[in-house]
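Let's walk through this structure together, starting from one spot in the chain and working outwards to the whole. Keep the 3D view open as you read.

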Amino acid sequence: MRRNCSATPAQLGAGLAVVGLSSLLVASLFWWQGAVLVLPFALLEVLVLGTAFVVHARHATDFERIWLDGQRLVVEQESAGRMRRAEFVREWVRLRAAEGEGRLVEVAAGAQIVRVGRFLRPDQRAVLLNEMRQALRMA
């Protein structure tokens with residue numbers, strides 16, 4: 001499961017570079033005409049655009065991966081470049097819809113709990129829960 005991003009970081013970076021350079025070009029023309037306060041605000045705008053790009057790019061490749069590996073259920077989650085991996089003994093796994101808003105799918109065994117389904121719509125989370133239960137029964 002991956003985050004739904006309409007543009008890759010490279011595409012977004014190119015678009016923001018065009019917007020930022022255009023803004024700086026127009027601000028430079030105003031500065032040259034004597035409106036000196038336009039350029040600092042344009043620089044601030046480009047800084048905010050750059051910050052937005054960095055935040056987007058860090059999370060554009062986030063994902064969740066779930067699979068059965070023999071007697072183990074493996075869950076991998078990447079968020080902002082950090083990989084988390086949890087392994088569960090298949091026979092001990094408990095699956096349920098988590099409480100609260102969002103109702104993610106909760107995978108638990110003993111004291112270890114992982115919530116998955118962040119990148120799915122709520123109606124798709126119920127399907128994921130049912131598919132996981134069926135896969136665990138069939139294995």
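R121 sits in the loop that runs between β6 (112-116) and α3 (122-138). In this predicted model, is R121 buried, partly exposed or exposed? Its relative accessible area is 49%, and because exposed means over 50% and buried means under 20%, R121 counts as partly exposed. If you look across from R121 to G102, you are comparing residues 19 positions apart along the chain, and their C-alpha atoms are separated by 9.0 Å.

From there, move to another loop, the one between β4 (94-97) and β5 (105-109), where you will find A98. Here the picture is one of burial: A98 has a relative accessibility of 2%, so it counts as buried. Which residues touch A98, once neighbours within four places in sequence are set aside? The contacts are with R103, L104, E106 and R115. You can also trace the C-alpha distance from A98 to V116, which is 9.6 Å for a pair 18 residues apart in sequence.

Next, step back along the sequence to the loop between β2 (72-79) and β3 (82-89), which holds A80. Most residues other than glycine have a negative phi. A80 has a phi near 55°, a positive value in a residue that is not glycine. With a relative accessible area of 16%, A80 is buried, because the cut-off for that label is under 20%.

The loop between β1 (63-69) and β2 contains G70. Is G70 buried or exposed? G70 has a relative accessible area of 56%, so it is exposed. Its partner to look for is R90: these two residues lie 20 positions apart along the chain, with 8.5 Å between their C-alpha atoms.

Now turn to the helical start of the chain. Helix α1 covers residues 9-32, a run of 24 residues, and it reaches 34 Å from its first C-alpha to its last. That span is close to the 34 Å expected at 1.5 Å a residue. Four residues of α1 are buried, namely L16, G20, S23 and A27. What do the buried residues of α1 pack against? They pack against α2, which spans residues 38-59. Just after α1 comes G34, where phi is positive at about 115°.

With these places in mind, zoom out to the whole protein. The secondary structure comes to three helices and six strands, and along the sequence they follow the pattern α-α-β-β-β-β-β-β-α. How does the overall radius of gyration look? The protein has 23 Å, whereas a compact globule of 139 residues would have a value near 14 Å. Along the principal axes, the C-alpha atoms fill a box of roughly 75 × 30 × 25 Å.

Burial and contacts round out the view. Of the 139 residues, 27% count as buried. Among the contacts with a separation of 6 or more, 39% come from residues 24 or more positions apart.

Finally, consider the surface and the charges. The protein exposes about 9,300 Å², with carbon and sulfur atoms supplying 61% of that area. Its side chains include 18 positive and 13 negative ones, and the centres of the two sets lie 3 Å apart.

How values were computed: Residues are numbered from 1 along each chain as its sequence is written. This is a predicted model: local features need pLDDT of at least 70, side-chain atom pairs count only at pLDDT 80 or more; totals for chains, interfaces and linings use all residues. Side-chain values use heavy atoms; hydrogens and water are left out. Helices (H or I, at least four residues) and strands (E, at least two) are DSSP runs, numbered from the N terminus. The expected span of a helix is 1.5 Å times one less than its number of residues. Buried means under 20% relative accessible area, exposed over 50%, partly exposed in between (1.4 Å probe, protein chains only). Contact means heavy atoms within 4.5 Å. The radius of gyration is taken over C-alpha atoms; the globule rule is 2.2 Å times the number of residues to the power 0.38. Accessible areas come from the Shrake-Rupley method with a 1.4 Å probe; for residues, only the protein chains shown count as cover. Lys and Arg count as positive and Asp and Glu as negative; His and the chain ends are not counted. The place of a charge is taken as NZ of Lys, CZ of Arg, CG of Asp or CD of Glu.
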